[in-house]
Amino acid sequence: MTKWRKILLWVAVVLTIAKVWLPDSMIAPLEDWIYKADGIVRSVQDIFNGRPAGNRGKKWVVAGKGHYTGSIDSVHDGDTVHIRDKDGHMHKVRLANIDAPEIKQAYGIASRDALKARIEGQPVDVNVVAIDQYQREVGQIMLNNVDINLWMVQQGHAWHYSTIAKKQQDRLGFSRYQNAQLMARQKRLGLWHNARAIAPWQFRQQQKNR
């Protein structure tokens with residue numbers, strides 16, 4: 001089983017490198033397959049080790065709007081997490097209204113690590129407001145009444161994704177996120193330490209045009 005996990009790890013590494021050339025529409029399904037395959041390998045390994053497979057096997061739900069509670073199972077990057085709900089089902093959630101640097105982009109790893117340190121393993125409330133083109137839930141994550149999406153912007157770990165947020169946020173919410181980004185930029189927090197920081201959507205377009 002360890003051998004199979006090593007193979008999956010190498011595939012994940014190759015995918016990370018391939019993101020430079022391949023479009024997101026091709027990468028996302030492959031990443032999902034790796035996470036699911038890893039869950040299967042872990043479950044089989046548990047059986048051989050005498051542990052109940054159900055403790056680690058991951059059952060992925062079909063994305064849907066609504067509210068639920070759960071805990072952060074893992075953090076993929078600065079704006080994408082995996083959440084295990086109270087029934088043990090897994091959700092892939094894209095944080096609504098923000099856009100964090102890509103992992104291969106400047107500050108991408110730092111953004112992911114900041115989110116990971118803040119919420120991984122923590123109980124959260126999730127409000128799913130939309131389903132994106134990759135069939136991920138797009139949601140607002142609350143931890144102890146703190147808007148984690150907004151917190152990422154306040155700390156300079158992510159951008160306010162204003163072009164998308166205009167369709168999802170009310171005027172007050174939009175203004176709150178815009179002001180948070182302005183303050184983070186003025187204080188040169190996080191990614192704003194670089195005065196020439198490139199927005200993630202611009203970075204992705206640059207990679208596709210190469």
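# Close-up views of a predicted model

**View 1. The charged end of arginine 118 sits over the ring of tryptophan 151, 5.2 Å from the ring centre.** A charge is taken to sit over a ring if NZ of Lys or CZ of Arg is within 6 Å of the ring centre and within 35 degrees of the ring normal. This is a predicted model, in which local features need pLDDT of at least 70 and side-chain atom pairs count only at pLDDT 80 or more, while totals for chains, interfaces and linings use all residues. Residues are numbered from 1 along each chain as its sequence is written, and side-chain values use heavy atoms, with hydrogens and water left out.

**View 2. The whole protein has seven helices and nine strands.** Helices (H or I, at least four residues) and strands (E, at least two) are DSSP runs, numbered from the N terminus. Of the 210 residues in the protein, 44% are buried; buried means under 20% relative accessible area, exposed over 50%, and partly exposed in between (1.4 Å probe, protein chains only). The accessible surface amounts to about 11,900 Å², and carbon and sulfur atoms account for 54% of this area. Accessible areas come from the Shrake-Rupley method with a 1.4 Å probe, and for residues only the protein chains shown count as cover. Among contacts with a separation of 6 or more, 63% join residues 24 or more positions apart, contact being defined as heavy atoms within 4.5 Å.

**View 3. Trp159, Tyr161, Trp192 and Trp201 form one aromatic cluster.** A search of the whole structure finds three aromatic pairs. Rings of Phe, Tyr and Trp (its six-membered ring) pair if their centres lie within 6.5 Å; planes under 30 degrees apart count as stacked, over 60 as edge-to-face and the rest as tilted. Tryptophan 159 and tryptophan 192 make a tilted pair, with 4.5 Å from centre to centre and 55° between the planes. Tryptophan 159 belongs to strand 9 (residues 159–160) and tryptophan 192 to the loop between helix 6 (171–187) and helix 7, so this pair ties together parts that are 33 residues apart in sequence. Both of these tryptophans, 159 and 192, are buried. The pair of tyrosine 161 and tryptophan 201 is stacked, because the ring centres are 5.1 Å apart and the planes stand at 5°. Since tyrosine 161 lies in the loop between strand 9 and helix 5 (162–168) and tryptophan 201 in helix 7, the stacked pair ties together parts that are 40 residues apart in sequence. Tyrosine 161 is buried at 18% relative accessibility, whereas tryptophan 201 is partly exposed at 30%.

**View 4. Pro200, Phe203, Arg204 and Gln207 are buried in helix 7 (residues 200–208).** Seen down the axis of helix 7, the buried residues fall within an arc of 100°, so they line one face of the helix. The arc is that of the directions from the helix axis to the C-beta atoms. An α-helix has 3.6 residues a turn, so residues three or four places apart point the same way.

**View 5. The largest nonpolar core has 24 residues, and those with the most contacts inside it are Val81, Ile83, Leu115, Ile119 and Ile141.** At least two core residues come from each of several elements, including strand 2 (66–77), strand 3 (80–85), helix 3 (108–119) and strand 6 (123–131). Helix 4 gives the most to this core, with five residues. Another core, of five residues, lies apart from the largest one and includes Trp159, Ala184, Leu191 and Ala199. A nonpolar core is a set of buried Ala, Val, Leu, Ile, Met, Phe, Trp, Tyr and Cys residues joined through side-chain atoms within 4.5 Å.

**View 6. Valine 138 is placed in strand 7.** At 8% relative accessibility, valine 138 counts as buried. Not counting residues up to four places away in sequence, valine 138 touches several residues, among them Arg94, Ala96, Val129, Ile131 and Gln168. The C-alpha atoms of valine 138 and lysine 92 are 8.7 Å apart in space, with the two residues 46 apart in sequence.

**View 7. Asparagine 97 and asparagine 144 have positive phi values of about 70° and about 55°, respectively.** Most residues other than glycine have a negative phi, and most peptide bonds are trans. Asparagine 97 lies in the loop between strand 4 (89–95) and strand 5 (98–99) and, at 11% relative accessibility, counts as buried. Asparagine 144 lies in the loop between strand 7 (137–143) and strand 8 (146–147) and, at 64%, counts as exposed. Threonine 163, 66 residues from asparagine 97 in sequence, is 8.8 Å from it in space, C-alpha to C-alpha. This threonine 163 is found in helix 5 and is exposed, with a relative accessible area of 51%.
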